[in-house]
Amino acid sequence: MIHSPCGNVNRLSPCMADGKCTKSFPRNFPNDTITNVDGYPIYRQRNTDNGGQSFTKNVNNADIDIEKRWVVPYSPRLS
């Protein structure tokens with residue numbers, strides 16, 4: 001799943017509160033998969049410079065480059 005772009009791109013997104021995304025998007029690009037302090041995994045994701053993929057989406061009449069930082073990670077094994 002792709003988390004719809006929010007922040008400066010789309011301030012009217014339902015996840016926005018006080019000018020920030022309540023779901024912590026866009027995410028960083030960690031080099032390794034680690035377990036967060038609260039027990040949730042933070043998956044390794046690659047940026048476009050390191051072999052990651054991206055595509056362009058039109059949001060509010062502006063073309064936005066969507067890359068892995070907008071992907072909602074999912075692991076059926078951990079669910």
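**Exercise 1. Identify the residue of β6 that is the bridge partner of Thr56, and describe how the strands β5 and β6 pair.**

Solution. In β6, Asp65 serves as the bridge partner of Thr56. Before proceeding, note that this is a predicted model, in which local features need pLDDT of at least 70 and side-chain atom pairs count only at pLDDT 80 or more, while totals for chains, interfaces and linings use all residues. Residues are numbered from 1 along each chain as its sequence is written, and side-chain values use heavy atoms, with hydrogens and water left out.

Step 1. Strands are DSSP runs of E with at least two residues, and helices are runs of H or I with at least four residues; both are numbered from the N terminus. Strand β5 covers residues 54-59 and strand β6 covers residues 62-67.

Step 2. Two strands pair if DSSP finds at least two bridges between them. Here β5 and β6 are joined by six bridges, in the antiparallel sense.

Step 3. The hairpin of β5 and β6 has two residues between the strands, and Asn60 in this hairpin takes a positive phi near 50 degrees.

**Exercise 2. State how many helices and strands the protein chain contains, and what share of its residues is buried.**

Solution. Step 1. The protein chain has six strands and zero helices. Along the sequence, the pattern reads β-β-β-β-β-β.

Step 2. A residue is buried under 20% relative accessible area, exposed over 50%, and partly exposed in between (1.4 Å probe, protein chains only). Of the 79 residues in the protein chain, 23% are buried.

Step 3. For the overall dimensions, the C-alpha atoms fill a box of roughly 35 × 30 × 20 Å along the principal axes.

**Exercise 3. Determine how many disulfides are counted, and examine the surroundings of Cys6 and Cys15.**

Solution. Step 1. A disulfide is a covalent bond between the sulfur atoms of two cysteines. The criterion applied is a pair of cysteine sulfur atoms within 2.5 Å.

Step 2. By this rule the count is zero. Cys6 is in no disulfide, and its nearest cysteine sulfur, that of Cys21, lies 3.6 Å away. Cys15 is likewise in no disulfide, with the sulfur of Cys21 as its nearest cysteine sulfur, at 3.6 Å.

Step 3. Cys6 counts as buried because its relative accessible area is 3%. Cys15 is buried as well, since its relative accessible area is 8%.

Step 4. Consider also the separation of Cys6 from Asn58: the two residues are 52 apart in sequence and 13 Å apart in space, C-alpha to C-alpha. Asn58 belongs to strand β5 and, with a relative accessible area of 48%, is partly exposed.

**Exercise 4. Describe the backbone at Asp18, at Ser24 and at the bond between Phe25 and Pro26.**

Solution. Step 1. Most residues other than glycine have a negative phi, and most peptide bonds are trans.

Step 2. Asp18, although not a glycine, has a positive phi of about 55 degrees. Asp18 is located in the loop between β1 (16-17) and β2, and its relative accessibility of 82% makes it exposed.

Step 3. Ser24 is not a glycine either, yet its phi is positive, at about 65 degrees. Ser24 lies in the loop between β2 and β3 and is exposed, with a relative accessible area of 53%.

Step 4. Phe25 and Pro26 are joined by a cis peptide bond with omega about -5 degrees. Pro26 is found in the loop between β2 (20-21) and β3 (34-35).
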